[in-house]
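Please open the model in your viewer and keep the selection panel at hand. The tour moves from one selection to the next and says what is found at each stop.

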Amino acid sequence: MAHSPAAAPGAQEPGCPIRVEHDRRRRQFTVRLNGCHDRAVLLYEHVGKRTVDLQHTEVPDAYRGRGIAKHLAKAALDFVVEEDLKAHLTCWYIQKYVKENPLPQYLERLQP
């Protein structure tokens, strides 16, 4: 029996790794879902010379509960570490992610 994408509308292909893309110009991290029509996004802004505000994470309802936001949060925080930036966490989800993953390299870069 052939696999039909219509059999599971809104589902990401099984076995397909979640790939986070970073668009520095638009200041966002994205994960393309279901081909390229849907996407999850994490938005940030530069609020100082060496500080970013991780502002908002959004995953479409149909994709929630699959760990996609965790991948976005990790990619954004790894970017902060790699670029030796400070981070202000406006987004409640990223605040939660840091509490659940209190890695020293993340904690030492947080701004109140």
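Which residue in E5 does Val52 stand opposite? Select Val52 and look across to E5, where Ala87 stands opposite. Before going further, please note that this is a predicted model, in which local features need pLDDT of at least 70 and side-chain atom pairs count only at pLDDT 80 or more, while totals for chains, interfaces and linings use all residues. Residues are numbered from 1 along each chain as its sequence is written, and side-chain values use heavy atoms, with hydrogens and water left out.

**The whole chain**

Colour the protein chain by secondary structure, and three helices and six strands appear; helices (H or I, at least four residues) and strands (E, at least two) are DSSP runs, numbered from the N terminus. Followed from the N terminus on, the elements run β-β-β-β-α-β-α-α-β. Of the 112 residues, 32% count as buried, where buried means under 20% relative accessible area, exposed over 50%, and partly exposed in between (1.4 Å probe, protein chains only).

**The sheet**

Now select the six strands, which form an open sheet in the order E1-E2-E3-E4-E5-E6 with mixed pairing; two strands pair if DSSP finds at least two bridges between them. The edge strands are E1 (20-23) and E6 (110-111), each of which pairs on one side only.

Moving inward, select E2 and E3, which run antiparallel and are joined by six bridges; here Gln28 has Leu43 in E3 as its bridge partner. E3 and E4 also pair in the antiparallel sense, over six bridges, and Glu45 has its bridge partner in E4, namely Asp53. The connection from E3 to E4 is a hairpin through four residues. To return to the opening stop, select E4 (residues 51-58) together with E5 (residues 86-89), which pair in the parallel sense over four bridges.

**A residue in E2**

Select Thr30, which lies in strand E2 and, at 10% relative accessibility, counts as buried. Leaving aside its neighbours within four places in sequence, Thr30 is in contact (heavy atoms within 4.5 Å) with Arg19, Val20, Glu21, Arg39, Ala40, Val41 and Leu72.

**Helix H1**

Next select H1, which lies across E1, E2 (28-33), E3, E4 and E5 and runs at about 150° to E2; axes are lines fitted to C-alpha atoms, for helices over the stretch in contact, and angles run from 0 to 180 degrees between N-to-C directions. The end C-alpha atoms of H1 are 21 Å apart, which agrees with the 21 Å that its 15 residues should span at 1.5 Å a residue, the expected span being 1.5 Å times one less than the number of residues.

Show the side chains of Ile68, Ala69, Leu72, Ala73, Ala76, Leu77, Phe79 and Val80, the buried residues of H1. Seen down the axis of H1, these buried residues fall within an arc of 165°, so they line one face of the helix; the arc is that of the directions from the helix axis to the C-beta atoms. After H1 comes Asp84, whose phi is positive, near 55°.

**Aromatic rings**

How many aromatic pairs does the structure hold? There are five, where rings of Phe, Tyr and Trp (its six-membered ring) pair if their centres lie within 6.5 Å, and planes under 30 degrees apart count as stacked, over 60 as edge-to-face and the rest as tilted. Select Tyr44 and Phe79, whose ring centres are 5.5 Å apart with planes at 45°, so the pair is tilted. This pair links distant parts of the chain, with Tyr44 in E3 (residues 38-46) and Phe79 in H1 (residues 68-82), 35 residues apart. Tyr44 counts as buried at 2% relative accessibility, and Phe79 counts as buried at 5%. Add Phe29 to the selection, and ring pairs link Phe29, Tyr44 and Phe79 into a cluster.

**Helix H2**

Finally, select H2 (residues 92-100), which packs on the sheet, touching E3, E4, E5 and E6, its direction making about 115° with that of E5. Is Trp92, in this helix, buried or exposed? Trp92 is exposed, with a relative accessible area of 62%. Measure from Trp92 to His56, C-alpha to C-alpha: the two are 8.0 Å apart in space and 36 residues apart in sequence.
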